[in-house]
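Please open the structure in your viewer and keep the sequence panel beside it. The tour below goes from one selection to the next and says what is to be found at each stop.

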Amino acid sequence: MNSKILIVEDDLDIQQFLEDALESYGFQPISCATGISALQTFETNDIDLILLDVQLPDMNGFEICETIRKFSNIPIIFVSCLQDGSDIIHGLELGGDDYVTKPFDLHQLIARIKSNLRRAPLYNRQLMTNEKPPLDINQIIIENLKINFYLQKVFVNDEIVPLSNKEFLILSILAQNPNKVLNNHELYTLIWGEESLGDTRTLKVHISNLRKKLEEYTGHSNFIRTVRGLGYQFYLAEKNRNE
């Protein structure tokens with residue numbers, strides 16, 4: 001079945017352009033022009049990814065993203081004319097997976113959509129409940145931290161750590177290469193499926209958010225280390241990987 005893409009855009013010309021473009025690439029677009037209708041549409045449809053404008057008539061895209069992140073890990077790509085670095089960082093900190101500024105290159109946007117869909121967790125719409133992880137699946141265990149690759153979730157003392165798609169993917173790649181330094185551009189390419197072209201701000205924001213969450217839940221801040229001038233490293237003094 002073709003992926004359903006929710007377009008949240010109040011500019012009807014851009015909305016129509018995106019609908020036509022997505023259909024030509026085999027996607028099923030569903031469009032909304034307001035935040036309220038977007039939330040209602042999301043609740044009543046099996047959406048696979050959201051293209052989200054920031055400036056909407058009734059509520060802004062940041063509020064919509066924050067609301068959806070309370071119960072869903074669906075990929076969210078901001079598509080906005082707001083190009084200031086602080087706006088981009090704010091959107092990513094709220095849980096956005098990517099941020100594309102207008103005017104955008106259609107081929108690049110489609111590539112990012114495909115990349116996010118490929119790497120989305122198995123349970124995008126699963127509620128962040130207190131379910132406990134199975135004991136017989138692949139996972140990395142460090143003290144009270146469990147990275148469960150089958151469920152694509154992270155647990156601390158059997159409590160789910162609410163990571164975004166990108167945060168989990170970054171943690172997974174680093175954790176599966178313990179103590180190895182991955183440079184910014186290499187890590188960006190692995191996550192987004194395309195070269196960074198020298199701009200790794202998005203990656204840095206996601207790593208910053210990931211560190212904050214790991215520290216909040218585990219009480220430790222040294223799982224992900226920055227190796228100055230080189231990249232990032234998942235520091236693992238002692239590991240236990242269940243095969």
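Begin by selecting phenylalanine 17, which counts as partly exposed because its relative accessibility is 41%. Bear in mind from this stop onwards that the model is predicted, with an average pLDDT of 83 for the protein and 86% of the residues scoring at least 70.

Keep phenylalanine 17 selected and add a partner to it, since the structure holds five aromatic pairs. The rings of phenylalanine 17 and phenylalanine 104 have their centres 6.3 Å apart and their planes at 45 degrees, so this pair is tilted. Phenylalanine 17 belongs to helix α1 (residues 12-24), while phenylalanine 104 lies in the loop between β5 (98-101) and α5 (106-119), so that the pair links distant parts of the chain, 87 residues apart. Is phenylalanine 104 buried or exposed? Phenylalanine 104 counts as buried, because its relative accessibility is 19%.

Next, select phenylalanine 62 and phenylalanine 78, whose ring centres are 5.5 Å apart and whose planes stand at 65 degrees, so that the pair is edge-to-face. Because phenylalanine 62 lies in helix α3 (residues 61-68) and phenylalanine 78 in strand β4 (residues 76-80), the pair ties together parts that are 16 residues apart in sequence. Both phenylalanine 62 and phenylalanine 78 are buried. Add Tyr99 to the selection, and you have a cluster in which ring pairs link Phe62, Phe78 and Tyr99.

A ring with another kind of partner is found at tyrosine 235, where the charged end of arginine 225 sits over the ring, 3.6 Å from its centre.

Now go to isoleucine 5 in strand β1 (residues 4-8), a residue that counts as buried because its relative accessible area is 0%. Which residues does isoleucine 5 touch, not counting those up to four places away in sequence? They are Leu22, Phe27, Gln28, Pro29, Ile30, Leu49, Leu51, Ile113 and Leu117. Isoleucine 113 deserves a separate look, for it is 108 residues from isoleucine 5 in sequence, yet the two are 9.1 Å apart in space, C-alpha to C-alpha.

Move on to glutamate 167, which has its place in helix α6 (residues 165-175) and counts as buried, because its relative accessibility is 1%. Apart from neighbours within four places in sequence, glutamate 167 is in contact with Pro162, His206, Asn209, Leu210 and Lys213.

Two cysteines make the next stop. Cysteine 32 is buried, with a relative accessible area of 6%, whereas cysteine 81 is partly exposed at 41%. There are zero disulfides in the structure.

Some parts of the model call for caution when you select them. Over residues 121-137 the pLDDT stays under 50, although the model has 48 contacts beyond four places in sequence for this stretch. The pLDDT also stays under 50 over residues 239-243, for which the model has 17 such contacts. Where pLDDT is low, the predicted coordinates should not be read in detail.

Finally, clear the selection and view the whole protein, which has eight helices and 13 strands. Of its 243 residues, 50% are buried, and the protein exposes about 11500 Å², with carbon and sulfur atoms supplying 48% of that area. Among contacts with a separation of 6 or more, 61% are between residues 24 or more positions apart.

Key
Residues numbered from 1 in each chain as written. Predicted model: local features only at pLDDT ≥ 70, side-chain atom pairs only at ≥ 80, totals over all residues. Heavy atoms only, no water. Helix = DSSP H or I, 4+ residues; strand = E, 2+ residues; numbered from the N terminus. Buried < 20%, exposed > 50% of the residue type's maximum accessible area, 1.4 Å probe, protein only. Contact = heavy atoms within 4.5 Å. pLDDT = per-residue confidence, 0-100. Phe/Tyr/Trp six-rings, centres within 6.5 Å; stacked < 30°, edge-to-face > 60°. Lys NZ or Arg CZ within 6 Å of the ring centre and 35° of its normal. Disulfide = S-S within 2.5 Å. Areas by Shrake-Rupley, 256 points an atom, 1.4 Å probe, with all protein chains shown as cover.
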